[in-house]
Amino acid sequence: MANHPSSGVAKALSVDTNGSSKENPLVVCFGEMLIDFVPTVGGVSLAEAPAFKKAPGGAPANVAVGIARLGGSSAFIGKVGEDEFGYMLADILKQNNVDNSGMCFDSKARTALAFVTLRADGEREFMFFRNPSADMLLHESELNVDLLKKGTIFHYGSVSLIEEPCRSTQLAAMEIAKKSGSILSYDPNLRLPLWPSAEAAKKEIMSIWDKADIIKISEEEISFLTGGDDPYDDNVVLTKLFHPNLKLLLVTEGAEGCRYYTKEFKGKVNGVKVKAVDTTGAGDAFVSGLLNSFASDLNLYKDEKKLREALLFANACGALTVTERGAIPALPTKEAVLQVLPKVVA
């Protein structure tokens, strides 16, 4: 990249031609994009909230925007309603330099909505409106295969596994991406209220577990997936969740930072201390920071020193995001992250 002071030129090229995708490796994110309605005041229940502010959301879309904010190259594949909110979301991606050519619009279903309350401790409660929403109705025939094949990394979650036809579409997209040489990145991003049952959620989340090269999970997700085992026990993580094809397993611990596991080594990188206003999007910002580093160095997981530097950067991305309300509006630029890092290291 040093030879290309004008990253805008490189970005334009990487979207247009396969030849220059090496210049600015593309991360393709797949899944849901929706509108989050966030109370205008913190620490209240949905019923108590006097008013709501609308914010674009959906974990895979957040990751795509996060990568673009950091100066990387990203694309989003998913479906929204052919409605005002759907057009607004497509436009937000475009404004944030995310390739939205993989987006589809459904004339019969609405864009998904989520009401998210921020309790006094900054943690969230969810109420979803998806009956069914457009993102659940993405068909395999609607996949932008050319875009999928351009990706260096293909990133996805588990929300798309809840219902057909989207479930089969995600499996097909993973297969296409893998065959064209993409690294598969998986953040299960458990949203229990969306699943028919806890058992169904666990079964589906684990059904694609061994296909991923990179997995990011939270402490709560470890407890859930292991049936209540200690999420801080390395042996639990390594015996129950690490699989032979995995290059990197990451466990995020909120303000405490993250743990990392590879075939060769394991360790912990401390978090960046900030005053939390809203934790929405913190995990997605972390993933953006990591995948942005990983896309430009696919051997990152083999070098512990480089990996730790990339994870500290990712932790800082997550930390900066919790200092503002909403996910996408709070996702940091590379400059903002680099500004907080010297203070951490010092």
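In this predicted model, helix α3 (residues 84-95) lies across β4 and β5, and its direction is at about 175 degrees to that of β5. The two strands beneath this helix are partners themselves: β4 (residues 73-81) and β5 run parallel and are joined by six bridges. To pick out one spot along the pair, look for glycine 81, which stands opposite aspartate 106 in β5.

Now for the sheet that these strands belong to. Strands of a sheet pair through backbone hydrogen bonds, and the pairing can be parallel or antiparallel. Here, nine strands make up an open sheet with mixed pairing, and the order reads β5-β4-β1-β8-β9-β10-β11-β12-β13. The edges are taken by β5 (99-106) and β13 (266-270); each has a single partner strand, so one side of each is left without a neighbour in the sheet. Going from one strand to the next, the twist averages 15 degrees.

Another helix to look for on these strands is α5 (residues 166-179). It lies across β1 (26-30), β8 (153-156) and β9 (183-186), and runs at about 160 degrees to β8.

What about the nonpolar interior? The largest nonpolar core has 56 residues, and the ones with the most contacts inside it are Phe76, Leu291 and Leu311. Helix α10 supplies the largest share of this core, with ten residues. Leaving aside residues up to four places away in sequence, leucine 291 touches Val27, Val63, Ile67, Ile153, His155, Ser185 and Ile214. Apart from this core lies another one, of 44 residues, with Tyr156, Val159, Ala201 and Val237 among them.

Helix α10 (304-321) turns up again with helix α11, where α10 is included in what covers the buried residues. Those buried residues of α11 are Val337, Val340 and Leu341. Seen down the axis of α11, they fall within an arc of 120 degrees, so they line one face of the helix. The other side of α11 is a contrast, with Glu335, Gln339 and Lys343 exposed. As for its length, α11 (residues 334-345) has twelve residues and reaches 17 Å from its first C-alpha to its last, which is close to the 16 Å expected at 1.5 Å a residue.

Methods:
Residues are numbered from 1 along each chain as its sequence is written. This is a predicted model: local features need pLDDT of at least 70, side-chain atom pairs count only at pLDDT 80 or more; totals for chains, interfaces and linings use all residues. Side-chain values use heavy atoms; hydrogens and water are left out. Helices (H or I, at least four residues) and strands (E, at least two) are DSSP runs, numbered from the N terminus. The expected span of a helix is 1.5 Å times one less than its number of residues. Buried means under 20% relative accessible area, exposed over 50%, partly exposed in between (1.4 Å probe, protein chains only). The arc is that of the directions from the helix axis to the C-beta atoms. Contact means heavy atoms within 4.5 Å. Two strands pair if DSSP finds at least two bridges between them. Axes are lines fitted to C-alpha atoms, for helices over the stretch in contact, and angles run from 0 to 180 degrees between N-to-C directions. A nonpolar core is a set of buried Ala, Val, Leu, Ile, Met, Phe, Trp, Tyr and Cys residues joined through side-chain atoms within 4.5 Å.
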